[in-house]
Amino acid sequence: MGDHCSRRELLRNAALAAAALAMPGPLVACGKDRPERGSGRADPDQQRLTAWTAVLRAGRPFPEPPLGRAAIRVGELAVGTPYVPFTLEAYLKAGGSPLREPLTLSLTRFDCVTLVESCLAVARLAGDTGAPTWERFGREIERMRYRGGERRGYTSRLHYFSEWITDGEQRGLVKNLGAELGGAEDARPLRFMTEHRAKYPALADDNVFRDIEAMERRLDRHARRVIPTKRIPEVVNRIETGDVLAFATEIPGLDVTHAAFAYRDGDGTLRVLHAPLSGGMVEVTRTTLPEYVAAIRRSTGILVARPLRL
């Protein structure tokens, strides 16, 4: 797999994605509390998992490419997939308990973070010889989405994306490039969730609220390294296609407002592959990364993490 993808290749990949069923299927919870999949009908999520893994394995060079490049190939296949917000909270709106959070999975609809996690999970499955089962896909998602890789209810989820990066770095899933790229320290306390309790249904439970409050205080020990917006043009040549981007904000109590992949096109221009609310589907931006960040209201810069193979 090369570093770049031409417009023709991107369109071809989109066609492959359509062949693996472009219409969104139901959100699927995976875990020991869920019965086995399979009712005799075609499963669009499993079809995509099988097809996308096959595409990566068929085009896999030797030696194995960096994980980020493989994840970008998955993102190319996902272009055009609908953006759907708050999928991880759906079980709460349906009356579920935050003490027993299901593992919500989908390859037919994404928000910004679930796109990043799903692309990396498929890339990891494609990197070995095992069958790409839904259960294995779920295990890959679980170890990225939850603190220490263990799902122990709502409070174990990595709600602040800066912690998603630091927790993943501690377990060898990513390398935080903030210091290496000259990021400025952002030590503002993160209190957005507890200061906006009404926005988070799970926080209606006092015990859950206290656990989230304690988590926020623990994060005070870990300042973020943010590459300021004005300095991004200076470091674009050191950002690789497939690096994970998080867009930092000056909103009080919040670390980032969006997550995505760095995407270097066939001309070598660095753009953004993401699932945006504004566009309504997975896309590659027409603007460059520096232009994209500069246009974000209240943006302060980016956090950058490089996915690693274990």
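## Salt bridges and helix α3

A search of the whole structure finds 21 salt bridges. The model is a predicted one. Side chains of opposite charge can pair when their charged atoms come close. Three of these pairs are set out below, followed by a network and a helix.

| Salt bridge | Closest N to O |
|---|---|
| Glu-89 with Arg-157 | 2.7 Å |
| Arg-145 with Glu-117 | 2.9 Å |
| Arg-231 with Glu-234 | 3.1 Å |

**Glu-89 and Arg-157.** The closest N and O atoms of Glu-89 and Arg-157 are 2.7 Å apart. The pair links distant parts of the chain, 68 residues apart. Glu-89 sits in the loop between α3 and α4 (90-93). Arg-157 sits in the loop between α6 (134-145) and α7 (161-170). Are the partners buried or exposed? Glu-89 has a relative accessible area of 15% and is buried. Arg-157 is buried too, at 6%. The cut-off for buried is under 20%, so both values qualify.

**Arg-145 and Glu-117.** Here the salt bridge runs between two helices. Arg-145 belongs to α6 and Glu-117 to α5 (residues 112-126). The pair therefore ties together parts that are 28 residues apart in sequence. Arg-145 is buried, with 3% relative accessibility. Glu-117 is buried as well, with a relative accessible area of 2%.

**Arg-231 and Glu-234.** The side chains of these two residues meet at 3.1 Å, N to O. Arg-231 counts as partly exposed, at 24% relative accessibility. Glu-234 is exposed, because its relative accessible area of 54% lies over the 50% cut-off.

**A network.** Some salt bridges share partners. Which residues do they join? Arg-57, Asp-128 and Arg-136 form one network.

**Helix α3.** This helix covers residues 67-78, which makes 12 residues. Does its length agree or disagree with the expected span? At 1.5 Å a residue, α3 should span 16 Å. Its end C-alpha atoms are 17 Å apart, so the two values agree.

How many of the 12 residues of α3 are buried? The count is 11, and α3 is mostly covered. Charged residues are found among the buried ones, including Arg-73 and Glu-76. Others in that list are Leu-67, Ile-72, Val-74 and Leu-77. Gly-68 and Gly-75 are also buried, as are Ala-70, Ala-71 and Ala-78. After α3 comes Gly-80, which has a positive phi, near 95 degrees.

How values were computed
Residues are numbered from 1 along each chain as its sequence is written. This is a predicted model: local features need pLDDT of at least 70, side-chain atom pairs count only at pLDDT 80 or more; totals for chains, interfaces and linings use all residues. Side-chain values use heavy atoms; hydrogens and water are left out. Helices (H or I, at least four residues) and strands (E, at least two) are DSSP runs, numbered from the N terminus. The expected span of a helix is 1.5 Å times one less than its number of residues. Buried means under 20% relative accessible area, exposed over 50%, partly exposed in between (1.4 Å probe, protein chains only). A salt bridge is a side-chain nitrogen of Lys or Arg within 4 Å of a carboxyl oxygen of Asp or Glu.
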